Amino acid sequence: PGGYHKPSLFSSKDFSFTYEGDTSCTDENLERGNWANKTEYLLSMVGYAVGLGNVWRFPYLAYQNGGGAFLIPYTVMLALAGLPLFFMECSLGQFASLGPVSAWRMLPLFQGVGITMVILSTIVTIYYNVIISYALYYLFASFQKVLPWSECFSWADELCSKTQIVNDCNTTFNGEIVRANYSFVSANNLTCINGTISYKPVQFPSEQYWNKVTLQRSSGLDETGRIVWYLALCLLLAWIIVAAALYKGIKSSGKVVYFTALFPYVILIVLLVRGATLEGALDGIEFYIGTESNITKLLEAEVWKDAATQIFFSLSTAWGGLVALSSYNKFHNNCYADAILICVTNCATSVFAGFAIFSILGHMAFVSQRPVSEVVDSGFDLAFVAYPEALSQLPVSPLWSFLFFFMLVLLGLDSQFAIVETLTTTIQDINPSIMKKLRGPITLGVCAVLFLCGLICVTQAGIYWVNLMDHFCAGWGLLFTGVLEIVGIMYIYGGKRFIEDIEMMIGKKSSAFWLWWKLCWYFITPVLLTVILVWSLTTFSNPTYGSIVYPAWGNTLGWCMIIFSVMWIPIVAIIKLLRAEGSFLQRLMTCCRPQANWGPYLERYRGERYSHMVDTKKKEQEIPTVSAILY
């Protein structure tokens, strides 16, 4: 009982990727369901962790922070900050078989942390699908013989050019040196004096296509404009795909990820092979991670902060998704081996993607006769400006463009599946019986509401809304929940108790086995996350998009979004204290102890440690929805 085994430091079971004691594909948890097999779970987790940031953020960070030298702090931060929190969340979800809100039965005072995770995930899923709709639009635009952003067509203005345009220069005219426009110099067959030429601030065709055609971008957040109809249709298509994949929950999404999680790797390999054969590819790779690497960058604190931040957000910790997806595991699944495998895969993908990106950007720099540093960018500018421009210069460019944007769509959808599953899992924990009967319609309803909320992001000011939500809701709020999560579990619930919970699932381990995890959970990881949180708050600035400054009401709205997300932490704590009985100290002690219904979901796994556990599932189903969350 309790799943205990003979203590060991490391054994083959520590890295077993099969369900212990149960190799069948039948569900052991008939009420919530389980993954059909281990592969579907691993692919779903890899798809969740490996997202757009691995392609459009990590390569740029590596280049900016010392190239190959950046891999040192990146690997260190994986071991110290990323992996410990990832393992903790996977273990929590699997042990309780509950989502990110209900799992806090272990520590009722901190249940607001789970609610904050779900709210932040809700906000992110609204604009994340908008980014997928951008990729879908470019995917469809690639079905043309000539890519529409390959040249300055009718939509372009006078600043559109693939080469530098001379503005003016010094020249000799009638025996005197004068400053003249280049049109005057050309008309009079004059020549510019070397070193005196100034160039116009030109824009690549891909940049103007992104702003003028794709986004139809307005002047700022104040100018909402109209809904861009083709982006709205792409957004609708993205939500239809998500709803269809999740219609039967993990039973359907688990089948979809065989394609959506694996095929991006095929495309990455194809893009890398093609890029490596191009002139200038080696220059791009040298800038990324080769001889241009700067080991002295490791002396800068900013580099280590960037590495820790990238690891934290890349692994999708503190969103609630890891808890939700792991909650559908069978009880004796080896979550320890899973955590290591998924984290290593995620980080290796980031590094590998950089080679595919920089090899083609190196070719673009070669063709345009510019340094690689002038064509490299990150985020939207990399995905929808720099890389499309580079692809347009390749033979059979529509094919490469199609593959690249198809990869972005798949990378985004995998993450989106997990985020929406986090929301539906929370609903399921509130009322499992209704969710079991009406999972499909409820999932459709959730997707429909989120689609309507996202329409503001496909107006002419849509990109400003996307940037605003990303700036405020995908930053320090997550770091805050991450710190509270690890402190609450290790210092209030109890690290020793949590480790014993894990051992009920993966077997008894020696004290030497847990030494590293204890060191990270008790001290290193919370300290690192706290330092990054404080740094993020002290360096926080109002959002901008390029040179566009947001209005005061936009910044206020951003603060309202993040405050609305985190305010549930103190609100729920106060509600819990008010509902408890006794003096304040007695109430506090009650709220810091696990609820009577905390423990393994299935009675046969509770053992002696949780033999006292009260089964309150039936009672919860009779309570109104809001109360059920806080019960």
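Let's start with Val396. At 57% relative accessibility, Val396 counts as exposed. Where does Val396 sit? In the loop between helix H16, residues 379–392, and H17. Its phi is near 55°, a positive value in a residue other than glycine. Keep in mind that this is a predicted model.

Why flag a positive phi? Because most residues other than glycine have a negative phi.

Gln216 belongs on that list too. Phi of Gln216 is near 50°, again positive and again not a glycine. Gln216 is in the loop between H7 and H8. Buried or exposed, then, for Gln216? Gln216 is buried, with a relative accessible area of 18%. The cut-off for buried is under 20%.

That loop takes us to H8. Helix H8 covers residues 229–245, which is 17 residues. From first C-alpha to last, H8 reaches 24 Å, close to the 24 Å expected at 1.5 Å a residue. Its buried residues include Tyr230, Leu231, Cys234, Leu235, Ala238, Trp239 and Val242. Look at the spacing as you turn the model. An α-helix has 3.6 residues a turn, so residues three or four places apart point the same way.

What do the buried residues of H8 pack against? Five helices are on the list: H5 (111–141), H7 (205–214), H9 (250–260), H17 (397–430) and H18 (432–454). We'll meet H5, H7, H9 and H17 again.

Next, the core. The largest nonpolar core has 197 residues. Tyr134, Trp210, Phe404 and Trp521 have the most contacts inside that core. Which helix gives the core its largest share? H5 does, with 21 residues.

Take Trp210 out of that group. Leaving out residues up to four places away in sequence, Trp210 touches Tyr134, Tyr138, Leu215, Phe380, Phe384, Val385, Ile463 and Tyr545.

Now aromatics. The structure holds 64 aromatic pairs. One of them is Tyr134 with Trp210, an edge-to-face pair. The centres are 5.3 Å apart and the planes are at 90°. This pair links distant parts of the chain. Tyr134 is in helix H5, Trp210 is in helix H7, and 76 residues separate them. Tyr134 is buried, at a relative accessible area of 0%. Trp210 is buried as well, at 1%.

A second pair: Phe259 and Phe406. Their ring centres lie 6.0 Å apart with the planes at 45°, so the pair is tilted. Phe259 is in helix H9 and Phe406 in helix H17, so the pair ties together parts 147 residues apart in sequence. Phe259 counts as partly exposed, at 40% relative accessibility. Phe406 is buried, with a relative accessible area of 19%.

Two charges over rings, quickly. The charged end of Arg32 sits over the ring of Tyr328, 4.6 Å from its centre. Arg497 lies over the face of Tyr493, at 4.9 Å from the ring centre.

Last topic: the annotated positions. These come from an unreviewed UniProt entry, under "binding site". The annotation covers Gly47, Val50, Asn54, Ser314, Asn346, Leu411, Asp414 and Ser415. They are spread over 369 residues of sequence, yet they cluster in space, with a largest C-alpha distance of 13.5 Å.

Which helix holds Leu411? Leu411 is in helix H17. Leu411 is buried, at a relative accessible area of 6%. Beyond four places in sequence, its contacts are Gly47, Val50, Gly51, Leu52, Val55, Tyr128 and Pro264.

Asp414 is found in helix H17 too. At 4% relative accessibility, Asp414 counts as buried. Asp414 touches Gly47, Tyr48, Val257, Thr260 and Ala261, with residues up to four places away not counted. So Gly47 appears on the contact lists of both Leu411 and Asp414.

UniProt, in an unreviewed entry, also lists Ala49 under "binding site". Ala49 is in helix H1, residues 38–49. Ala49 counts as buried, at 3% relative accessibility. Its contacts, with residues up to four places away left out, are Asn54, Ser314, Leu315, Ser316, Ile342 and Asn346. Among these, Asn54, Ser314 and Asn346 carry the "binding site" annotation themselves.

Technical notes: Residues numbered from 1 in each chain as written. Predicted model: local features only at pLDDT ≥ 70, side-chain atom pairs only at ≥ 80, totals over all residues. Heavy atoms only, no water. Helix = DSSP H or I, 4+ residues; strand = E, 2+ residues; numbered from the N terminus. Expected span 1.5 Å × (residues − 1). Buried < 20%, exposed > 50% of the residue type's maximum accessible area, 1.4 Å probe, protein only. Contact = heavy atoms within 4.5 Å. Core = buried A, V, L, I, M, F, W, Y, C linked by side-chain atoms within 4.5 Å. UniProt positions renumbered as here; feature names shortened; annotations may be inferred. Phe/Tyr/Trp six-rings, centres within 6.5 Å; stacked < 30°, edge-to-face > 60°. Lys NZ or Arg CZ within 6 Å of the ring centre and 35° of its normal.
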